Amino acid sequence: MKVLVIEDEPRMSQLLRRGLTEEGHTVDTCDSAARATESVRYADYDVIILDWGLPDADGITLLRTWRAEGLSTPVLMLTARGSSGEKVLALRTGADDFLVKPFDFEELIARLEALHRRASAGATGATALGDLQFQRARRQLIGPSGAVELTSREFQLLSAFAERPGDIRTRSELLSKVWGAHYEGDANVVDVYVGYLRLKLETAGARRVSIATVRGSGYRLLVAPSPER
Ligand code: CA
C-alpha cells in the first residue's frame, strides 16, 4: 500500500514510517495540514493516517474539506483523546476508522489493510445504471456511444443520484451531499452540474437514463426498464 502519514509529532511519525516500511508499504510523511493538502493533491494514496491535532489546523477540518472536494481515499484518524463524541464526529465527517493513541501497532496495520481491502473491493465494481455502466474506479460512464469521463463533482453528483434512483432529491440535499454541509456558495451550482451531467449522459448515448427536473423541488434520476423485459 502507498500510505500517507500526517502527524506532527516526530517520534510518532518516525514510528509509523518505520513500522509501515518494515511491513512492505511505501510511506510519505508530512507534519502540517498545509503540506498534507499538497501531498493529497499531487499523489494518489491507498490509505491516509491523519492525526487530529496538527499545528496549523485540526485534522477533522482538513478531512471535511477533502471530502467536500471529492477525495475518496480511506482515512484512519488518530487522536490522543478519544471520547465517543469525537469518534462519532470523525466518522460522520468522513473518516473510515479511528484509533486512540497509544495504540497497538499490529492493530493499526490490520485496520489499514481492512480499509484498503474494502476500498479496492468497492472501487472495482461497475454499477449498471439503465443502459449505462457506472465505472466508479475510473470515474467513467460507459454507454452505447462509448465511455465518458466524469469530473470529481459530476461523479459525486451521479453517485448521490444513483443511491436512490427515482426519488426526488432536493437542491439543498444534493448541495450538502456533494459540496459539503458548510458550502456557502451559490446553490445554483447544483443546476449547473446537473446540466453538465445531462450532457455526459447524452454523450454516453444513454437512452434509458435521464435526470428529470421536479419543479419547485429538485431533481430525480430516472432509469427506465429494459425494453426486452
Ligand atoms: Ca498531533
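A residue is called exposed here when its relative accessible area is over 50%, and buried when that area is under 20%. With those two words in hand, the structure can be walked through piece by piece. The model is a predicted one.

Overall, the protein has eight helices and twelve strands. Its C-alpha atoms fill a box of roughly 60 × 35 × 30 Å along the principal axes. Out of 229 residues, 44% count as buried. Looking at contacts between residues at least 6 apart in sequence, 56% of them join residues at least 24 apart.

A good place to start is the open sheet built from five strands, which line up in the order β2-β1-β3-β4-β5 with parallel pairing. At its edges sit β2 (26–30) and β5 (97–100), each of which pairs on one side only. From one strand to the next, the twist averages 20 degrees. Inside the sheet, β3 (residues 47–51) and β4 (residues 75–79) run parallel and are joined by four bridges. Across this pair, Leu50 stands opposite Met77 of β4. Helix α2 (residues 33–42) packs on the sheet, where it touches β1 (2–6), β2 and β3, and its direction makes about 165 degrees with that of β1.

Helix α2 itself has two quite readable sides. Its buried residues are Ala33, Ala36, Thr37, Ser39 and Val40. Seen down the helix axis, these buried residues fall within an arc of 160 degrees, so they line one face of α2. That buried set packs against β1, β2, β3 and α3. Turned away from the buried side is a face with the exposed residues Glu38, Arg41 and Tyr42. As background, an α-helix has 3.6 residues a turn, so residues three or four places apart point the same way.

Next comes the calcium ion. Its protein donors are Asp8 (OD), Glu9 (OE), Asp51 (OD) and Gly53 (O), at 2.1 to 3.1 Å from the ion. Along the chain, these donors follow the spacing D-E-x41-D-x1-G. Distant parts of the chain are linked this way: Asp8 belongs to the loop between β1 and α1 (10–22), while Asp51 belongs to strand β3, 43 residues apart. The two aspartates also sit in different burial classes. Asp8 has a relative accessible area of 28%, so it counts as partly exposed. Asp51, at 3%, is buried.

Trp52 lies in the loop between β3 and α3 (59–69). This tryptophan is buried, with a relative accessible area of 8%. Leaving aside neighbours within four places in sequence, the contacts of Trp52 include Ala57, Ile60, Met77, Leu78, Arg81, Glu86, Leu89 and Phe98. Leu62 is ten residues from Trp52 along the chain, and the C-alpha atoms of the two are separated by 9.2 Å.

Then there are the nonpolar cores. The largest has 28 residues, and those with the most contacts inside it are Leu132, Leu157, Leu158, Phe161, Val190 and Ile211. Two or more residues of this core come from each of β7 (132–135), α6 (152–163), α7 (171–179), α8 (189–204), β11 (209–214) and β12 (218–223). The largest share, seven residues, is given by α8. For Leu158, not counting residues up to four places away in sequence, the residues touched are Leu129, Phe134, Leu141, Leu150, Leu197 and Leu221. A second, separate core has 21 residues, among them Ile6, Leu63, Val75 and Met77. Met77 is thus a familiar name by this point, having come up as the residue opposite Leu50 and as a contact of Trp52.

Two hairpins round out the picture, and both involve strands that contribute to the largest core. In one of them, β11 and β12 pair in the antiparallel sense over six bridges. Val214 has Gly218 of β12 as its bridge partner. Three residues lie between these strands, and Gly216 of the hairpin takes a positive phi near 80 degrees. In the other hairpin, three bridges join β7 to β8 (residues 140–143), and the strands run antiparallel. Here the bridge partner of Gln133 is Ile142 in β8. Four residues separate the two strands, and Arg139 of this hairpin takes a positive phi near 50 degrees.

Notes. Residues are numbered from 1 along each chain as its sequence is written. This is a predicted model: local features need pLDDT of at least 70, side-chain atom pairs count only at pLDDT 80 or more; totals for chains, interfaces and linings use all residues. Side-chain values use heavy atoms; hydrogens and water are left out. Two strands pair if DSSP finds at least two bridges between them. Axes are lines fitted to C-alpha atoms, for helices over the stretch in contact, and angles run from 0 to 180 degrees between N-to-C directions. Contact means heavy atoms within 4.5 Å. Buried means under 20% relative accessible area, exposed over 50%, partly exposed in between (1.4 Å probe, protein chains only). Donors are N, O and S atoms within 2.8 Å of the metal (3.2 Å for Na, K and Ca); water is not among the atoms, so sites may look incomplete. A nonpolar core is a set of buried Ala, Val, Leu, Ile, Met, Phe, Trp, Tyr and Cys residues joined through side-chain atoms within 4.5 Å. The arc is that of the directions from the helix axis to the C-beta atoms.
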